[in-house]
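Let's take a walk through a protein chain together. Have a look at the picture, and then we'll go from the broad layout down to a single residue.

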Amino acid sequence: MREALLALFLSSAEPLSRERLAALLDDDPDCAGWEAALEMLLAIGEGPLQLVSVAGGYRLQIHPRHNALLVRLHVEAPRPLSKAMLETLAVIAYQQPITRPEIEQWRGVAVSAQIMQQLQERGWIMVAGHRDTPGRPALWVTTPGFLAHFSLSSLEALPKVMAAERLDGI
């Protein structure tokens with residue numbers, strides 16, 4: 001059963017939820033006990049692979065202790081995030097759902113359409129609706145792709161932000 005789960009995780013492009021696993025495995029008598037096998041895989045900390053909980057599901061990934069070696073394998077450097085993109089993404093992640101004018105208010109500068117487009121192209125943000133105010137501005141939120149990319153199980157896993165009053169005394 002463990003091998004069947006590993007095969008599913010290796011061939012899936014996105015994290016698999018317990019509900020999705022149940023839909024795939026519950027009808028197969030050879031897959032009885034898959035939940036116990038899943039718990040066993042989650043508990044294993046050894047080996048080159050580890051099963052982690054991200055974006056409301058589970059993903060098989062290479063253990064972080066191998067990151068330095070993998071960086072040498074992948075010579076193409078990932079596109080770095082600009083400071084403006086990172087700030088915009090952080091505001092959306094912590095304040096969602098949020099409109100573009102509200103993002104600009106938080107950042108203190110205008111947010112270019114290019115930044116919003118690049119974050120959408122990466123699959124990290126999306127429009128979740130429109131505020132019922134004049135102009136009906138779009139409400140921006142992060143996506144499950146954001147959670148998966150940053151290995152977060154949920155938004156509650158985001159680092160806590162220190163209050164501004166506490167920063168003044170530092």
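The chain has nine helices and four strands. Keep in mind that what you're looking at is a predicted model. Start at the N terminus and follow the order: α-α-α comes up, then β-β, then α-α-α-α, then β-β again, and α-α to finish.

Now zoom out to the overall shape. The C-alpha trace spans about 55 × 40 × 35 Å along its principal axes. How does the radius of gyration of the chain compare with that of a compact globule of 170 residues? The globule would come in near 15 Å, but this chain has 20 Å.

What about inside and outside? Of the 170 residues, 28% are buried. The chain exposes about 11100 Å², and carbon and sulfur atoms supply 58% of that area. As for charges, there are 15 positive and 19 negative ones, and their mean positions sit 9 Å apart.

Contacts tell you about the fold, too. Take the pairs that are at least 6 apart in sequence: 47% of those contacts join residues at least 24 apart.

Finally, let's stop at one residue, Arg65. You'll find Arg65 in the loop between strand E2 (57–62) and helix H4 (67–73). Is Arg65 buried, exposed or partly exposed? Its relative accessible area is 47%, so Arg65 counts as partly exposed, since that label covers the range between 20% and 50%. Leaving aside neighbours within four places in sequence, Arg65 is in contact with Gly45, Glu46, Gly47 and Pro48. Val141 is 76 residues along the chain from Arg65, and their C-alpha atoms are separated by 32 Å.

Definitions and conventions: Residues numbered from 1 in each chain as written. Predicted model: local features only at pLDDT ≥ 70, side-chain atom pairs only at ≥ 80, totals over all residues. Heavy atoms only, no water. Helix = DSSP H or I, 4+ residues; strand = E, 2+ residues; numbered from the N terminus. Rg over C-alpha atoms; globule rule 2.2 N^0.38 Å. Buried < 20%, exposed > 50% of the residue type's maximum accessible area, 1.4 Å probe, protein only. Contact = heavy atoms within 4.5 Å. Areas by Shrake-Rupley, 256 points an atom, 1.4 Å probe, with all protein chains shown as cover. Lys, Arg positive; Asp, Glu negative; His and termini not counted. Charge placed at Lys NZ, Arg CZ, Asp CG, Glu CD.
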